[in-house]
Amino acid sequence: MNGTTIRRIILSKKLAKRDGLHCHYCGISLVPSRVFQRIERGAAKDTKRYRDFSALLANGAVMATLDHKIPESRGGRLILENVVLACEPCNMEKGSRDYCEFVQTKRAAFGQTVNA
Ligand SMILES: [Zn+2]
C-alpha cells in the first residue's frame with residue numbers, strides 16, 4: 001500500500017465520521033470500499049460490522065468512492081476540506097465539473113438537502 005492509498009483510507013474514515021456513510025450528492029447509503037471489496041471477494045469476516053454492511057448492500061447500498069470537490073486536474077488537493085464520499089455514478093458524473101454547480105443540479109434532481 002502506498003502513501004496515497006493510506007491517505008485515502010484515513011480521509012475516507014474521517015469523512016464517514018464527519019458526514020455519515022452516504023453519497024454527498026444523491027444520498028444513497030455507502031459501504032467503505034475496502035469492506036465492499038472484501039465482501040465481493042467472499043472474504044468478509046464473520047463480525048457484526050461485516051454482517052451490518054452486507055445487509056446494507058442487500059438493501060441497495062453501494063461502494064464508497066472519494067470525490068475531489070476541486071478536481072486533481074485543476075489542482076485540487078487530497079485534503080479533508082476538498083474531498084467528500086460519493087457513489088461511483090455521482091463521482092463519474094461530476095468528473096471535472098464545478099462542485100457548486102453539480103451540488104445544485106443534484107439537489108434539484110433529488111429534492112433533498114445536501115450539505116455543500
Ligand atoms: Zn450518488
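Q: The radius of gyration is taken over C-alpha atoms, and the globule rule is 2.2 Å times the number of residues to the power 0.38; what radius of gyration does the chain have?
A: First, a heads-up: this is a predicted model, where local features need pLDDT of at least 70, side-chain atom pairs count only at pLDDT 80 or more, and totals for chains, interfaces and linings use all residues. Residues are numbered from 1 along each chain as its sequence is written. A compact globule of 116 residues would come out near 13 Å, and the chain agrees with that, at 14 Å.

Q: In which element is confidence highest?
A: Confidence here is pLDDT, the predictor's own score for each residue, from 0 to 100. The chain averages 91, with 95% of its residues at 70 or more. Confidence is lowest in helix α5 (residues 99-110), at a mean of 87, while the highest, at 98, is in β1.

Q: In what order do the elements run from the N terminus on?
A: Helices (H or I, at least four residues) and strands (E, at least two) are DSSP runs, numbered from the N terminus. There are five helices and three strands. Going along the chain, they run α-β-α-α-β-β-α-α.

Q: Which are the edge strands of the sheet?
A: Strands count as paired if DSSP finds at least two bridges between them. The three strands make an open, mixed sheet in the order β1-β2-β3. Two of them pair on one side only, and those edge strands are β1 and β3.

Q: What angle does helix α2 make with β2?
A: Helix α2 (residues 33-40) packs on the sheet and touches β1 and β2. Axes are lines fitted to C-alpha atoms, for helices over the stretch in contact, and angles run from 0 to 180 degrees between N-to-C directions. By that reckoning, the angle is about 145°.

Q: Which residue of β3 is the bridge partner of His68?
A: Strand β2 (residues 62-68) pairs with β3 over five bridges, in the antiparallel sense. Ala64 stands opposite Cys87 in β3. For His68, the partner is Val83.

Q: How many residues of β3 are buried?
A: Buried means 20 or more other C-beta atoms (placed from the backbone) within 10 Å of a residue's own; 12 or fewer is exposed, and in between is partly exposed. Both faces of β3 are covered, with Val83, Leu85 and Cys87 on one side and Val84 and Ala86 on the other. The strand is largely enclosed by the rest of the structure because its buried residues number five of the five.

Q: How many C-beta neighbours does Ala86 have inside 10 Å?
A: Ala86 lies in strand β3. Beyond four places in sequence, its contacts (C-beta atoms within 7 Å) include Cys23, Tyr25 and Thr65. Ala86 counts as buried because its C-beta neighbours number 26.

Q: Which element gives the largest share of the largest nonpolar core?
A: A nonpolar core is a set of buried Ala, Val, Leu, Ile, Met, Phe, Trp, Tyr and Cys residues joined through C-beta atoms within 7 Å. Of its 16 residues here, Cys23, Leu30, Val31, Leu85 and Ala86 touch the most other members. Both β1 (30-31) and β3 (83-87) give two or more residues. The largest share, five residues, comes from β3.

Q: What percentage of the contacts with a separation of 6 or more is between residues 24 or more positions apart?
A: Val31 shows contacts beyond four places in sequence, among them Phe53, Leu57 and Met63. Across the chain, residues 24 or more positions apart account for a share of 61%.

Technical notes
Contact = placed C-beta atoms within 7 Å.
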